[in-house]
Amino acid sequence: MADSVRRSSKLDLSFPYDWSNPAISDEALIINVLSRGIFSDICRVSAYFGLEVVRTVASGLQKSACANKSLARMLCNINKGFSRAQTR
């Protein structure tokens, strides 16, 4: 049954972010991905949900380990990569 496939699997994420809640909300999934800080997973959720959605969720996070300069740099690099991919 296609509906039973967890989004972590559907998006080919490296970690089962929705293991405890297969009906996880989009925002909660994005927060979990941003909190873990795995670049390839952040890229995948940015491509799936849109970079602006991911940035909006990231801006709402409290200042913590997941809302640091590293995350801002990753989102900037993802934006550059998406821009370059569109011009090719």
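At what angle do α2 and α4 pack, and how far apart are their axes? Keep that in mind as you open the model, which is predicted.

**Start with the whole chain**

Colour by secondary structure. The protein has five helices and zero strands. From the N terminus on, the order is α-α-α-α-α. Now colour by accessibility: of the 88 residues, 31% count as buried. Contacts reach along the chain as well. Among those between residues at least 6 apart in sequence, 48% join residues at least 24 apart.

**Stop 1: the loop before α2**

Select Asp12. Asp12 sits in the loop between α1 (7-10) and α2. Check its backbone: phi is positive, about 55°, although Asp12 is not a glycine. Most residues other than glycine have a negative phi.

**Stop 2: helix α2**

Select residues 26-36, which form α2. Show the side chains of Leu29, Ile30, Val33 and Leu34, which are buried. Look down the axis of α2: these buried residues fall within an arc of 130°, so they line one face of the helix. What covers them includes α1, α3, α4 and α5. Then step just past the end of α2 to Gly37, where phi is positive at about 75°.

**Stop 3: α2 against α4**

Here is the opening pair. α2 and α4 pack at an angle of about 75°, and their axes are 10 Å apart. That makes α2 roughly perpendicular to α4. Select Glu27, Ile30, Ile31 and Leu34 on the α2 side. On the α4 side, they meet Val53, Val54, Val57 and Ala58. By class, this contact of α2 with α4 has seven nonpolar, no polar and one charged residues.

**Stop 4: α2 against α3**

Keep α2 and add α3, residues 39-49. How do α2 and α3 pack? The angle is about 155°, with the axes 9 Å apart. That makes α2 roughly antiparallel to α3. Their crossing is left-handed. Select Asp26, Leu29, Ile30, Val33 and Leu34 in α2. They meet Asp41, Ile42, Val45 and Phe49 in α3. By class, the contact of α2 with α3 has seven nonpolar, no polar and two charged residues.

**Stop 5: helix α3 by itself**

Hide α2 for a moment. Which residues of α3 are buried? Select Asp41, Ile42, Val45, Ser46 and Phe49. Seen down the axis of α3, these buried residues fall within an arc of 135°, so they line one face of the helix. Bring the neighbours back: the cover over these residues includes α1, α2, α4 and α5. Just after α3, select Gly50, which takes a positive phi of about 105°.

**Stop 6: α3 against α5**

Add α5, residues 69-86. The axes of α3 and α5 come within 10 Å and cross at roughly 55°. The two helices are therefore oblique to each other. α3 passes α5 in a right-handed crossing. On α3, select Phe39, Ile42, Cys43, Ser46 and Ala47. On α5, their partners are Leu71, Met74, Leu75, Ile78 and Phe82. By class, the contact of α3 with α5 has nine nonpolar, one polar and no charged residues.

**Stop 7: both sides of α4**

Select residues 51-59, helix α4. Leu51, Val54, Val57 and Ala58 are buried. Down the axis of α4, the buried residues fall within an arc of 125°, so they line one face of the helix. The cover over them includes α2, α3 and α5. Rotate the view. Which exposed residues does the face turned away from the buried side carry? They are Glu52, Thr56 and Ser59.

**Last stop: Gly60**

Select Gly60, in the loop between α4 and α5. Is Gly60 buried or exposed? Its relative accessibility is 62%, so Gly60 counts as exposed. Finish with a distance from Gly60 to Ile31, C-alpha to C-alpha: the two are 9.6 Å apart in space and 29 residues apart in sequence. Ile31 appeared earlier, on the α2 side of the contact with α4.

Conventions. Residues numbered from 1 in each chain as written. Predicted model: local features only at pLDDT ≥ 70, side-chain atom pairs only at ≥ 80, totals over all residues. Heavy atoms only, no water. Axes fitted to C-alpha atoms, helices over the stretch in contact; angles between N-to-C directions. Helix = DSSP H or I, 4+ residues; strand = E, 2+ residues; numbered from the N terminus. Parallel < 35°, antiparallel > 145°, perpendicular 65-115°, else oblique. Left-handed = near helix turned anticlockwise from the far one by under 90°. Contact = heavy atoms within 4.5 Å. Nonpolar A, V, L, I, M, F, W, Y, C, P; charged D, E, K, R; others polar. Buried < 20%, exposed > 50% of the residue type's maximum accessible area, 1.4 Å probe, protein only. Arc of directions from axis to C-beta.
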